[in-house]
Structures are given as C-alpha cells and as structure tokens.
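This briefing is intended for a reader who wishes to inspect selected local features of a structure. Please view the sequence and the coordinates alongside the text.

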Amino acid sequence: MASPLRVLVHGGGIGGLTLATALARRGHTVEVAEIRDRLDALGVGIIQPSNALHVMREIGVLDDCLKAGYEWEILTIADPAGNTLARIPQPRMGDIPSNNGIPRPALAAVLGAAATAAGATIRFSATVTELHDDGEGVDVTLSDGSAGRWDLVVGFDGIGSPLRTRLYGERYAPRYTGFANWRVTVPRQPQVDGVMMSTAGPEGKALLTPITDELMYLGAVFAEKEDFRPDPQRAHEQLAERLTTFSGPVAEALATVTDPAAVVHSRISQVTVEEPWHVGRVVLAGDAAHACTPHIAQGAAMAVEDAVVLAESLDAEPSVPAALAAWEARRRPRAMWVQAMSHAVLKQETGGGTTPEEDELLKIGIPGAAHVLAKPY
C-alpha cells in the first residue's frame, strides 16, 4: 500500500511486539494495547528455532536475542536415566543459527525496546471495550478510556483471546488436550549444551533446555485432569512426585528446586479458528487463531512468522482486505501443519492412539519437521 496505515495491535506478547516493530519500521502508525502493566513475560524460557531467528533478523534484533540467550545446535535424546541415545544436529535456515534458548522476560525486553525504538507506542493496562468496523476503518475504545480510529486491528492476544470471543463467540474456545506443562528455571549443567529430551511413554516427558550460560529450564509434560491446579505451598514437591521415573540430569536439576513459587504450570490446549481469521478489518494471529501444543517448539515461531508475513502482505497488496486474504492464504497451511504435527507428537509420546493421518505425519519425525520448517515461510 502506498500510504501509511494506522494499526492497533491488541496484545504485547511475542507476536504483537514483532508485528509492531515490523510495521513501525515501515512507516506505519502503530499502537499496542497490552492488558498487563508492563512487559514482564510470564513463564520461564523459550526456544527460538531457526525460522523464528530468521524473523528476529528481519526486525533487527537477532544479535540482541543471541546475546541474551544460549545458542545451540544439537538435540540430545536420552533415556529416563539420562543415558544418551542419540545426538541429532538441528537444521539452519540459511546462515541463521539453528536454535536459541532465551528467558521469556529477556525476550520481552528485547522486543519491547525494538518496538519503541521503531516508533510504536505501547499502551499498558489497556484492552478493547468497544469496537465498531464500518468497512472503511475500525473505531475502538480501550479500557483506559482512550479511543481512536484504525485502518486495521490485529489480535495477538493469546490463546484466551478476547477479540476471538468478540468475533466468533465461544465457537473456538481452547480445547484441552488432557496434558499439562510444568517448567522451572534451574542452574545449567555443563553437559546440557542443547535440548536434552527424555520420554517415559505414558508416564511423561522431561526436557532440559539451556537459556543462558548459567541457566536452563526443566520442563515436564504429564496427563492432568482439567481442573487440577498445583498446591501453591508444594508445587515443587508435586513436580518431583511426577518425575520419580527420571534420574540422572533431570533428577539433579530437580534437586535444586526448593521454591514452589518458581514452578510454572499450564494446561496444554489448542485453538483452531476454522472460519477466516479476519472479519472485516479485524484479524487474529498467533495463538489467538491457531494455538498448538509445544511438542515441536513452534508456537511462538508461528506467531512471529504471522507478524512479518502480515507486514509483507500489507506492503504488497493494494488494500487492507486484499492483504488479509493474501496473508491468510500464505499462513494457514503452514500453521495448520505445525498444529497437526505437534499434536501427533504429543499422542505418540504419551501412548495415545493416532489416526492414519497422524501416522503419516509421524513418519517425518521431529528431526524431519525441523528440516521442513527451516525452509522459507
């Protein structure tokens, strides 16, 4: 499009800040409405695979991410005792590193600084309360009382997206998979030079992921009832109870966890918006449109790919509606493939029955999936 746009990004997470940076660097007026009072990301650490790092280079923050994190190249598969079964080199997208582990708060700081430096405005403690799309623009009122008219509103507001509910009601509410993710930051062990993954079938999965020279996180996936919540006073003990099958490096990491408040527990759910991801000039992206399980470490990567491809589509197309249609045509197949592959891996690792379609995906395997996704999006 020839003229700059006014874009409201609803959500200041990884995808929203990436989009804000990409658009502001192109000369568009961008405001981010973030419901929290600061960019202090929840959770522990995150893996940035090569395709996500490619986006980070596109928005000018690759070096900052690598400096704040831990670059790694090898996926280690181990048995529950920690004995190495395989060490698998991970693919690169061109000359981009294959993977980077990074603390979520550090990534939020990098992306927030980039968005602000590019010229985007971040409005904290704000969410959409009123929205009216007349086909030519969107009038929005925020919870802080501010109001404005926008050419485009983008919902990067997560798996529980309020904008998704506003657009589609409860038709695409998150679907719980029956499993939950436990994570806690611990000191990095010298031998953990990349992700170390151990699976004990239906009894669960544990992994160690380096996120700085000094730190890594212990992650674990187990079947949980949907209404389960850890006891705030003994969450670390409940995690230990679930990891009794594991010894070696996992047990050593667990032994350092003494604070129940350090343990992060989250249910693993999916979202699949089957209708078009945009209604008029309001569009959903990232987890709001296509949340997946974390089993091939591509959820955040899909969000940042969504962001940079949307910016490119707005460059290339003559109108906002044309750009949204072109963007979704390009993004939906890849995001849906990632979601299907991630869920198939979850079922395989936990002994769940897989469908013939999932069996075909699993023939590719996690290393094969990494190679597929190390190609341009």
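The points below concern a glycine in a loop, the cysteines, one helix and one sheet.

The model is predicted. It contains zero disulfides, and six of its strands form an open sheet with mixed pairing. Gly11 lies in the loop between strand E1 and helix H1, while helix H12 has buried residues that line one face.

**Gly11 and its surroundings**

- Gly11 is located in the loop that links strand E1 (6–10) to helix H1 (14–24).
- The relative accessible area of Gly11 is 9%, so this residue counts as buried, the limit being under 20%.
- When neighbours within four places in sequence are set aside, the contacts of Gly11 are Gly16, Val32, Ala33, Glu34, Phe156 and Asp157.
- Pro174 lies 163 residues from Gly11 along the chain, and the C-alpha atoms of the two residues are 18 Å apart.

**Cysteines**

- No disulfide is present in the structure; Cys65, accordingly, takes part in none, and the nearest cysteine sulfur to its own is that of Cys292, at 19 Å.
- For Cys292, the closest cysteine sulfur is in Cys65, and the separation of 19 Å is too far for a bond, because a disulfide requires sulfur atoms within 2.5 Å.
- Cys65 is buried, with a relative accessible area of 0%.
- Cys292 is likewise buried, with a relative accessible area of 15%.

**Helix H12**

- Helix H12 spans residues 365–373, and Gly365, Gly368, Ala369 and Leu373 are buried within this helix.
- Viewed down the axis of H12, these buried residues fall within an arc of 135°, and they therefore line one face of the helix.
- The packing partners of the buried residues of H12 are helix H2 (50–58), helix H9 (299–316), helix H10 (320–349) and helix H11 (356–362).

**The six-stranded sheet**

- The strands of the open sheet follow the order E8-E2-E1-E12-E19-E18, and their pairing is mixed.
- Strand E8 (121–124) and strand E18 (278–279) are the edge strands, each of which pairs on one side only.
- E18 and strand E19 (residues 282–284) run antiparallel and are joined by two bridges.
- His278 has Val283, in E19, as its bridge partner.
- Strand E1, which precedes the loop that holds Gly11, stands between E2 and E12 in the strand order.

Technical notes
Residues are numbered from 1 along each chain as its sequence is written. This is a predicted model: local features need pLDDT of at least 70, side-chain atom pairs count only at pLDDT 80 or more; totals for chains, interfaces and linings use all residues. Side-chain values use heavy atoms; hydrogens and water are left out. Helices (H or I, at least four residues) and strands (E, at least two) are DSSP runs, numbered from the N terminus. Buried means under 20% relative accessible area, exposed over 50%, partly exposed in between (1.4 Å probe, protein chains only). Contact means heavy atoms within 4.5 Å. The arc is that of the directions from the helix axis to the C-beta atoms. Two strands pair if DSSP finds at least two bridges between them.
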